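Notebook open, structure loaded. I want to look up how the metal sites are put together.

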Amino acid sequence: MDFSVLENTVKNGLKSDKSGHDFKHIMRVYRFALEIAKSEKKVDLEVLRASVLLHDIAFSKGFFKGEHGDVSAKLAKPILLKAGFPKSKIQNVLIAIEVHNYWFHNEKNVSIEAKILRDADRLDAIGYNGIIRMILYCINANKSIKQELKDLSKIESKFETKKGKQLAKERIKIIKDFSVNLEKE
Ligand SMILES: [Fe+2]
Ligand SMILES: [Fe+2]
């Protein structure tokens with residue numbers, strides 16, 4: 001399977017995104033996902049890689065304030081078929097994409113690839129990149145930065161993989177420090 005076809009489609013689709021869901025976000029989530037996958041058993045890397053690459057493709061159609069997993073999944077199917085992705089695995093990719101949005105989904109009975117995608121995506125919502133993305137989100141969604149910081153502080157308990165939890169520690173601290181110092185100012 002040649003993933004460069006998928007990569008180029010996503011890169012092109014998200015090139016105008018200014019909401020924090022651009023190709024750089026996808027690539028950071030991709031690196032986090034592969035790192036988490038090393039610590040997990042029986043991960044289908046083809047399913048994981050395709051799920052990560054296409055999880056936010058809904059943003060190629062503009063900004064979404066709420067749930068966008070089902071829109072990404074709908075758009076992903078023809079892209080996967082065109083790229084020659086193994087047909088028997090397409091459904092697994094689509095389900096992982098559908099449930100990736102951790103603000104709306106916390107089902108426990110999902111595949112390991114779906115859990116890794118959610119954790120990798122959560123990791124890019126915290127740390128310094130998380131702060132930048134949160135501000136971009138607040139501007140686009142007309143939401144309060146203080147409220148978003150409050151919501152982000154709850155993310156700590158939501159990680160589903162051991163490695164995800166471990167990688168989150170330092171980044172959660174960055175969010176908390178930012179929040180405290182912002183209050184002080
Ligand atoms: Fe998303
Ligand atoms: Fe994402």
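I count as donors the N, O and S atoms within 2.8 Å of the metal (3.2 Å for Na, K and Ca); water is not among the atoms, so sites may look incomplete. This is a predicted model, where local features need pLDDT of at least 70, side-chain atom pairs count only at pLDDT 80 or more, and totals for chains, interfaces and linings use all residues. Side-chain values use heavy atoms, with hydrogens and water left out.

Entry one, ligand 2. I looked up which protein atoms hold the iron ion (ligand 2) and found His 25 (NE2), His 55 (NE2), Asp 56 (OD) and Asp 121 (OD), at 2.2 to 2.3 Å. Along the sequence, I read their spacing as H-x29-H-D-x64-D. Asp 56 sits in the loop between α3 (45-54) and α4 (69-82), while Asp 121 is in helix α6 (residues 112-123), so the pair links distant parts of the chain, 65 residues apart (helices are DSSP runs of H or I, at least four residues, numbered from the N terminus). I checked both for burial: Asp 56 and Asp 121 are buried, meaning under 20% relative accessible area with a 1.4 Å probe, protein chains only.

Entry two, ligand 1. Here I found Asp 56 (OD), His 68 (NE2) and His 100 (NE2) as protein donors of the iron ion (ligand 1), 2.1 Å from it. Their spacing is D-x11-H-x31-H. His 68 lies in the loop between α3 and α4, and His 100 in the loop between α5 (87-98) and α6, 32 residues apart. I noted His 68 and His 100 as buried.

Entry three, the shared residue. Which residue coordinates both iron ions? I found that Asp 56 does, with the two ions 3.6 Å apart.

Definitions and conventions:
Residues are numbered from 1 along each chain as its sequence is written. Chains are lettered from A and ligands numbered from 1 in the order in which they are written. Helices (H or I, at least four residues) and strands (E, at least two) are DSSP runs, numbered from the N terminus. Buried means under 20% relative accessible area, exposed over 50%, partly exposed in between (1.4 Å probe, protein chains only).
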